[in-house]
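Welcome to a short set of exercises to work through with a model open in your viewer. Each task is followed by a solution that goes step by step.

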Amino acid sequence: MSEAAKLTDDPYSISLEDINVSNPNLFMNDNHWGYFERLRKEDPIHYCGESLFGPFWSVTKFNDIMEIEKNPGAFSSEGGITLGDQPEDFQTVNFISMDSPKHDVQRKAVTNVVAPLNLAKLEPVIRSRATKILDEVPTGEEFDWVNHVSVELTTQMLATLFDFPFEKRSKLTYWSDMATSGTLNGGPTPEPVRRAALLECLEVFTNLWNERVHRDPTEANDLITMMAHNPNTQGMDPMEYLGNLILLIVGGNDTTRNSISGGVYFLNQFPDQFAKVTKDPSLIPKMVPEIIRYQTPLAYMRRRATQDYEIRGKTIKKGDKVAMWYVSGNRDEEVIENPNEFIIDRDNPRHHLSFGFGIHRCMGNRLAEMQLRIVWEEILKRFKRIEVVREPGRTQSSFVKGYTDLKVVVTGR
Amino acid sequence: MPQVKFIEFNGTEHNIDANNGDSIMVTATSNLVPGIDADCGGECSCATCHVLVGSEWQAKLKPVNDTEESMLDLNPDRSAESRLSCQIIMSDHLDGIVINLPEFQY
């Protein structure tokens with residue numbers, strides 16, 4: 001049966017073994033929720049024998065995901081963190097797809113860019129840009145929030161972190177989109193187009209690297225200068241440099257972009273919550289992690305078993321691929337009360353899986369939260385209402401959970 | 001009940017009666033001592049309950065295990081005094097322990 005034929009709105013109309021939650025169309029059509037709910041109830045550690053990406057296991061419950069995250073010895077990240085394998089002749093490498101100890105030293109080479117003291121310095125920069133972007137959106141007429149606000153803001157931020165030529169910043173968005181939308185990951189971008197884009201990215205960044213080698217690393221704190229001067233990263237080969245660039249570009253771009261859009265959408269679906277935060281903007285810091293939980297901008301991370309592993313009576317065999325479905329664990333009713341409700345003042349809002357846990361936990365999680373906090377502080381100062389005028393378009397991907405457009409009309413204060 | 005003295009980065013002290021069997025992290029968060037985030041809820045997998053413990057008290061603690069080591073290792077501000085407070089379980093022999101809170105959690 002083809003992938004499309006197996007796709008129905010009713011997750012109970014097919015047998016358990018035919019369920020394939022990695023089908024990108026499920027996410028593009030927002031149809032995945034029922035399938036995950038069924039798996040959590042009936043088969044929380046689920047084997048899918050046939051998919052676009054070959055056979056794989058799905059882990060769908062919050063605490064099971066945590067168990068696997070905590071055991072990087074038994075569940076390796078080597079070879080990549082998406083279900084689709086990289087082509088033999090074009091393999092990018094980066095620290096999220098590495099195990100200890102190499103992962104640890106490469107990660108540490110760039111961690112400082114998102115260290116708390118650096119974030120404090122970035123805050124006024126982000127705020128002034130958010131202010132400018134929001135001041136320029138039209139009021140009283142329809143426009144696309146994704147392009148005008150979410151993409152613009154995150155791309156400007158990324159350009160700052162890399163100290164990338166500001167006028168060419170839309171290239172960063174383009175490379176980020178190309179990197180994640182390839183056919184090998186179930187997306188629409190043909191492989192030659194994806195490769196050409198990534199090679200262009202490498203070329204531009206290689207020129208920047210050659211320039212940054214001459215910068216004083218004690219004065220410059222952009223990511224490229226950091227990598228070019230750190231003994232653990234300065235000897236990277238081109239595909240490793242490219243891999244780490246893509247990791248930082250996608251990690252710093254796609255995820256926050258889609259959470260910014262998601263927040264607007266959720267507050268439309270839950271107008272009582274919008275009323276609550278409008279009345280009391282001091283709730284924004286609690287609302288932000290709830291937006292990130294509810295959006296879950298990356299639906300899963302992949303691991304590969306390095307040994308046979310027993311969990312809930314199933315045996316994951318050595319060499320098997322395992323998808324930890326954050327998007328499902330974040331709706332696990334055994335851990336999160338009323339998980340399908342968007343509630344901006346939860347008691348323990350940061351207890352969600354969207355950033356992962358363990359040694360691969362998102363390095364930029366505090367930066368992401370800060371960006372969202374600033375955006376919402378500035379939105380609420382300006383707008384009385386942001387009305388979503390039709391259902392958003394969604395990304396054709398089971399990995400990046402995002403929006404292609406979100407048409408809104410805003411009303412000023 | 002054993003006591004814990006938490007000292008915030010700005011010097012503010014909090015003397016808290018702890019329950020035996022509770023972690024230092026739980027002791028802090030359930031008594032609203034600021035400075036500990038504990039995103040993962042005590043699973044030793046986020047490193048946002050980082051605290052500093054002087055050598056005289058470190059000597060009374062169980063040594064850092066592999067999981068705690070791997071999480072602490074990711075923190076650029078790690079020092080010889082660094083511990084994850086979810087991994088320190090209170091008991092009478094830790095009565096009076098002094099816990100210094102870092103300026104930030106990652």
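**Exercise 1. Pairing around strand 12**

How many bridges pair strand 9 of chain A with strand 12 of chain A, and in which sense, parallel or antiparallel?

*Solution.* Keep in mind that this is a predicted model.
- Start with strand 9 (residues 383-388) of chain A: five bridges link it to strand 12 of chain A, and the sense is antiparallel.
- To check the register, find A:F383, whose bridge partner in strand 12 of chain A is A:G412.
- Next, look for strand 4 (residues 143-144) of chain A, which pairs with strand 12 (residues 407-412) of chain A over two bridges, in the antiparallel sense.
- Here A:F143 has A:V408 of strand 12 of chain A as its bridge partner.

**Exercise 2. An open sheet**

In what order do the five strands of the open sheet in chain A lie, and which strands stand at the edges?

*Solution.*
- Trace the sheet from one side: the order is 1-2-8-5-3, and the pairing is mixed.
- Strand 1 (45-48) and strand 3 of chain A each have a single partner strand, so they stand at the edges, and one side of each lacks a neighbour in the sheet.
- Now take one pair: strand 5 (residues 300-305) and strand 8 (residues 321-325) of chain A run antiparallel and are joined by five bridges.
- Within that pair, A:M301 is opposite A:M324 of strand 8 of chain A.
- Finally, add helix 4 (residues 62-69) of chain A, which lies across strands 1, 2, 3, 5 and 8 of chain A and runs at about 130° to strand 8.

**Exercise 3. Helix 11 and its cover**

Is helix 11 of chain A largely enclosed or largely open, and why?

*Solution.*
- First, its length: helix 11 (residues 238-251) of chain A has 14 residues and spans 19 Å from first to last C-alpha, close to the expected 20 Å.
- Eleven of the 14 residues of helix 11 of chain A are buried, so this helix is largely enclosed by the rest of the structure.
- Among the buried ones are A:Y241, A:L245, A:L248 and A:G251.
- The cover over the buried residues of helix 11 includes helices 7, 8, 9, 10 and 12 of chain A.

**Exercise 4. The largest nonpolar core**

Which residues have the most contacts inside the largest nonpolar core?

*Solution.*
- This core has 135 residues, and those with the most contacts inside it are A:Y300, A:V322, A:M324 and A:W325.
- Helix 7 of chain A gives the most to this core, with ten residues.
- Zoom in on A:W325: leaving out residues up to four places away in sequence, A:W325 touches A:V21, A:F36, A:S58, A:V59, A:T60, A:A299 and A:Y300.

**Exercise 5. Backbone exceptions**

Which peptide bond is cis, and are A:R312 and B:C44 buried or exposed?

*Solution.*
- Recall the usual case: most residues other than glycine have a negative phi, and most peptide bonds are trans.
- The bond from A:S100 to A:P101 is cis, with omega near 5°; A:P101 lies in the loop between strand 3 and helix 5 of chain A.
- A:R312 has a positive phi, near 50°, and with 11 C-beta neighbours inside 10 Å it counts as exposed.
- B:C44 also has a positive phi, near 55°, but with 20 C-beta neighbours inside 10 Å it counts as buried.

Technical notes:
Residues are numbered from 1 along each chain as its sequence is written. Chains are lettered from A and ligands numbered from 1 in the order in which they are written. This is a predicted model: local features need pLDDT of at least 70, side-chain atom pairs count only at pLDDT 80 or more; totals for chains, interfaces and linings use all residues. Helices (H or I, at least four residues) and strands (E, at least two) are DSSP runs, numbered from the N terminus. A residue is buried if 20 or more other C-beta atoms lie within 10 Å of its own, exposed if 12 or fewer, and partly exposed in between; C-beta atoms are placed from the backbone. Two strands pair if DSSP finds at least two bridges between them. Two residues are in contact if their C-beta atoms, placed from the backbone, lie within 7 Å. Axes are lines fitted to C-alpha atoms, for helices over the stretch in contact, and angles run from 0 to 180 degrees between N-to-C directions. The expected span of a helix is 1.5 Å times one less than its number of residues. A nonpolar core is a set of buried Ala, Val, Leu, Ile, Met, Phe, Trp, Tyr and Cys residues joined through C-beta atoms within 7 Å.
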